[in-house]
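Good morning, and thank you for making time for this presentation. Please bring up the sequence and the model, and I shall go through the side-chain interactions in turn.

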Amino acid sequence: EVLDLHGVPIDGSAPAVRLNTSRPLADVQADYRISPDSVGVAYRADPDADEVHELFVTRVDGGMSPLERSGALVAGGDVSSFDFSADSGRLLYIADQGADEVFELYSVGSLGGSAVRLSGSPVSGGDVVSFRTSAGGASAVYLADQDTNGVPELFAVLLAGGAAPAKLHAPLGAGQSVEL
């Protein structure tokens with residue numbers, strides 16, 4: 001069974017259209033996101049290898065062919081979570097894109113440009129766990145055990161990249177934790 005993504009106007013004024021048209025045999029995951037401006041939709045699908053999920057974006061009305069936005073993934077890598085920035089101009093996603101089972105935060109233009117890694121280099125065993133974008137769409141906060149494996153901490157970073165992430169709190173003592 002192949003799972004597709006369809007769009008239909010809320011008022012029913014037009015029939016449903018299939019949105020994942022570029023690769024019809026790929027299973028679309030149920031965690032699609034509609035952009036804040038309601039023009040685009042992002043989704044994960046596995047067009048090249050079963051259960052290897054890449055990130056795609058298209059228009060909610062089917063007016064453009066889907067664009068693959070996650071870039072090249074390392075063997076065994078895939079996109080685990082994603083969302084639009086508040087201004088709809090960028091997609092943020094967590095993926096083990098550079099090294100299998102090392103999950104990092106990336107940002108890419110919704111309609112063009114190359115992906116940039118936003119999270120700092122993690123320690124062995126460290127991963128980005130979750131993220132949230134700022135209301136203005138220029139930055140994000142993410143939770144990661146980036147400095148010490150097993151100790152999640154909060155970091156802030158600009159969505160366009162180019163600056164090192166900033167830790168948002170003092171060092172944690174034993175037994176404390178941070179949630180996003």
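Let me begin with a term: a residue is called buried under 20% relative accessible area, exposed over 50%, and partly exposed in between. By that scale R117, with a relative accessible area of 40%, is partly exposed. I should also say at once that this is a predicted model.

R117 brings us to the salt bridges, of which the structure holds five. One of them joins the side chains of R117 and E104, with an N to O distance of 2.8 Å. The two partners are distant along the chain: R117 belongs to strand β10, residues 116-117, while E104 belongs to strand β9, and 13 residues separate them. In contrast to R117, which is partly exposed at 40%, E104 is buried, its relative accessible area being 6%.

Next, please look at K167. Its salt bridge with D147 has the closest N and O atoms 2.9 Å apart. K167 is located in strand β14, residues 166-167, and D147 in the loop between β12 and β13, so this pair ties together parts that are 20 residues apart in sequence. At 35% relative accessibility K167 counts as partly exposed, and D147, at 36%, is partly exposed as well. K167 also meets the side chain of E153 in a salt bridge, at 3.4 Å from N to O. Since E153 lies in strand β13 and K167 in strand β14, the pair ties together parts that are 14 residues apart in sequence. E153 is buried, with a relative accessible area of 4%. D147, E153 and K167 are thus linked in a network of salt bridges.

What, then, of a charged residue that is buried yet has no salt bridge? R69 is such a case: the nearest side chain of opposite charge, that of E68, is 6.1 Å away. Given that a salt bridge requires a nitrogen–oxygen distance within 4 Å, the pair is not counted. R69 sits in the loop between β6 (67-68) and β7 (79-84). Beyond its neighbours within four places in sequence, R69 has contacts that include L55, F56, V57, L91, Y93 and V108, together with G109, S110, L111, G112 and G113.

Another arginine, R33, lies over the face of F82, at 5.5 Å from the ring centre.

I turn now to the nonpolar interior. The largest nonpolar core has 13 residues, and those with the most contacts inside it are L92, I94, L105, L118, V128, F131 and Y142. Two or more residues each come from β8 (90-95), β11 (128-133), β12 (139-144) and β13 (153-158). Which of these elements gives the most to this core? It is β12, with three residues. For F131, setting aside neighbours within four places in sequence, the contacts include L92, I94, L105 and Y142, and also S81, F82, D83 and L180. Apart from this core lies another, of 11 residues, among them F84, L91, Y93 and V108.

The aromatic residues deserve their own remark. A pair of aromatic rings is described by the distance of the centres and the angle of the planes. A search of the whole structure finds three such pairs. Y93 and Y106 are stacked, at 5.4 Å centre to centre and with 15 degrees between the planes. Y93 is in strand β8 and Y106 in strand β9 (residues 104-109), so the pair ties together parts 13 residues apart in sequence. Y93 counts as buried at 0% relative accessibility, and Y106 counts as buried at 7%. Y142 and F155 form a stacked pair too, with 5.3 Å between centres and 20 degrees between planes. This pair links Y142 in strand β12 with F155 in strand β13, 13 residues apart. Both Y142 and F155 are buried.

Finally, some backbone details. Most residues other than glycine have a negative phi. S38, in the loop between β3 (33-34) and β4 (40-45), has a positive phi of about 60 degrees although it is not a glycine. E101, in the loop between β8 and β9, likewise has a positive phi, of about 70 degrees. E101 is exposed, with a relative accessible area of 53%.

A glycine closes the list: G137, in the loop between β11 and β12, is buried at 7%. Its C-alpha atom and that of L158 are separated by 9.1 Å, the two residues being 21 apart along the chain.

Definitions and conventions
Residues numbered from 1 in each chain as written. Predicted model: local features only at pLDDT ≥ 70, side-chain atom pairs only at ≥ 80, totals over all residues. Heavy atoms only, no water. Core = buried A, V, L, I, M, F, W, Y, C linked by side-chain atoms within 4.5 Å. Buried < 20%, exposed > 50% of the residue type's maximum accessible area, 1.4 Å probe, protein only. Helix = DSSP H or I, 4+ residues; strand = E, 2+ residues; numbered from the N terminus. Contact = heavy atoms within 4.5 Å. Phe/Tyr/Trp six-rings, centres within 6.5 Å; stacked < 30°, edge-to-face > 60°. Lys NZ or Arg CZ within 6 Å of the ring centre and 35° of its normal. Lys, Arg positive; Asp, Glu negative; His and termini not counted.
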